Amino acid sequence: MDILIWHLLIPLVPGPSQIPFGRPEEIIESPKPYEFGFQMDDGNGTVQHRQETANENGAVKGKYGYVDPNGTYREVEYNADENGYHVKILSNEPGITNQNSADVVYVVKGSQSV
C-alpha cells in the first residue's frame, strides 16, 4: 500500500531527458493549381456566382457576386499574387461612387444585370 501511494505522489512532469529539442520538421509543399466555380439561383430572384483559379506559382484570381430581384448587382474581381491583393468592384448599388480606396477600384454603373 505504501508503494502505491508513493507512485501516485510522483509528479507527472517530464524530466530534462524527456523534453524534445529542436523544431518539428516543416513540410513545404509547392502550390497546386486549381479551378472551381458555381452559379445558383435561390428561387426568390437572387442569383449568386463565384469562380476562382490558382496557378502553380500560388497566384489566385477570381470573381464573385450577385444580382438581386430588383436588378441591383455587385461583382467583386480579385487577384492575389506576388504584387499583393487587388480588388475591383463592379456595381450599380445606390449610394456608392467611383471612389477608389486602398487597393480597391470601384466601377459604378447604371441599373443592369452582370
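# Strand pairing, salt bridges, core and pocket

Reader: In which sense do S5 and strand S6 run, parallel or antiparallel?
Author: The model is predicted. In it, 5 bridges join S5 to strand S6, residues 104–108. Within this pair, Ile-89 stands opposite Tyr-106 in S6. The sense in which S5 and S6 run is parallel.

Reader: How many bridges pair strand S4 with strand S5?
Author: Strand S4 covers residues 73–81 and strand S5 covers residues 84–91. A hairpin of 2 residues joins S4 to S5, and Asn-79 stands opposite His-86 in S5. The two strands pair in the antiparallel sense, and the number of bridges is 8.

Reader: What pattern does the chain follow along the sequence?
Author: The chain holds 1 helix and 6 strands. Read along the sequence, the pattern is α-β-β-β-β-β-β.

Reader: What share of the residues of the chain count as buried?
Author: A residue counts as buried under 20% relative accessible area. The chain has 114 residues, and the share that count as buried is 20%.

Reader: What percentage of the contacts with a separation of 6 or more comes from residues 24 or more positions apart?
Author: The count here takes the contacts in the chain with a separation of 6 or more. Among these contacts, residues 24 or more positions apart account for 14%.

Reader: Which residue forms a salt bridge with Glu-29?
Author: A search of the whole structure finds 3 salt bridges, and Glu-29 takes part in one of them. Its closest N and O atoms are 3.5 Å apart, and both residues of the pair are exposed. The partner of Glu-29 is Lys-32.

Reader: In the salt bridge of Glu-52 and Arg-50, which residue is buried?
Author: The side chains of Glu-52 and Arg-50 meet at 2.8 Å, N to O. Arg-50 has a relative accessible area of 30%, so Arg-50 is partly exposed. The other partner has a relative accessible area of 8%, under the 20% cut-off, so the buried residue is Glu-52.

Reader: How many residues apart in sequence are the parts that Glu-93 and Arg-74 tie together?
Author: The side chains of Glu-93 and Arg-74 meet in a salt bridge of 2.6 Å, N to O. Glu-93 lies in the loop between S5 and S6 and Arg-74 lies in strand S4, so the pair ties together separate parts of the sequence. At 17% relative accessibility Glu-93 counts as buried, while Arg-74, at 24%, counts as partly exposed. The separation of the parts in residues is 19.

Reader: Which strands each supply at least two residues of the largest nonpolar core?
Author: The largest nonpolar core has 7 residues: Ala-54, Val-60, Val-76, Tyr-78, Val-87, Ile-89 and Val-104. Leaving aside neighbours within four places in sequence, Val-60 is in contact with residues including Ala-54 and Tyr-78. In soluble globular proteins, nonpolar side chains tend to be buried together. The strands that each supply at least two residues of this core are S4 and S5.

Reader: About how much space lies in the largest pocket?
Author: The residues that line the largest pocket include Gln-51, Glu-52, Lys-61, Lys-63, Asn-79, His-86 and Lys-88. Strand S2 (47–54), strand S3 (60–67), S4 and S5 each supply at least two residues of the lining. The space in the largest pocket is about 160 Å³.

Note on methods: Residues numbered from 1 in each chain as written. Predicted model: local features only at pLDDT ≥ 70, side-chain atom pairs only at ≥ 80, totals over all residues. Heavy atoms only, no water. Pairing = 2+ DSSP bridges. Helix = DSSP H or I, 4+ residues; strand = E, 2+ residues; numbered from the N terminus. Salt bridge = Lys/Arg side-chain N within 4 Å of Asp/Glu carboxyl O. Buried < 20%, exposed > 50% of the residue type's maximum accessible area, 1.4 Å probe, protein only. Core = buried A, V, L, I, M, F, W, Y, C linked by side-chain atoms within 4.5 Å. Contact = heavy atoms within 4.5 Å. 1 Å grid on protein atoms, 1.4 Å probe; cavity = no way out; pocket = protein on both sides within 12 Å on 5 of 7 lines; lining within 4 Å. Points joined across faces, edges and corners; volume = space filled by probe spheres on them.
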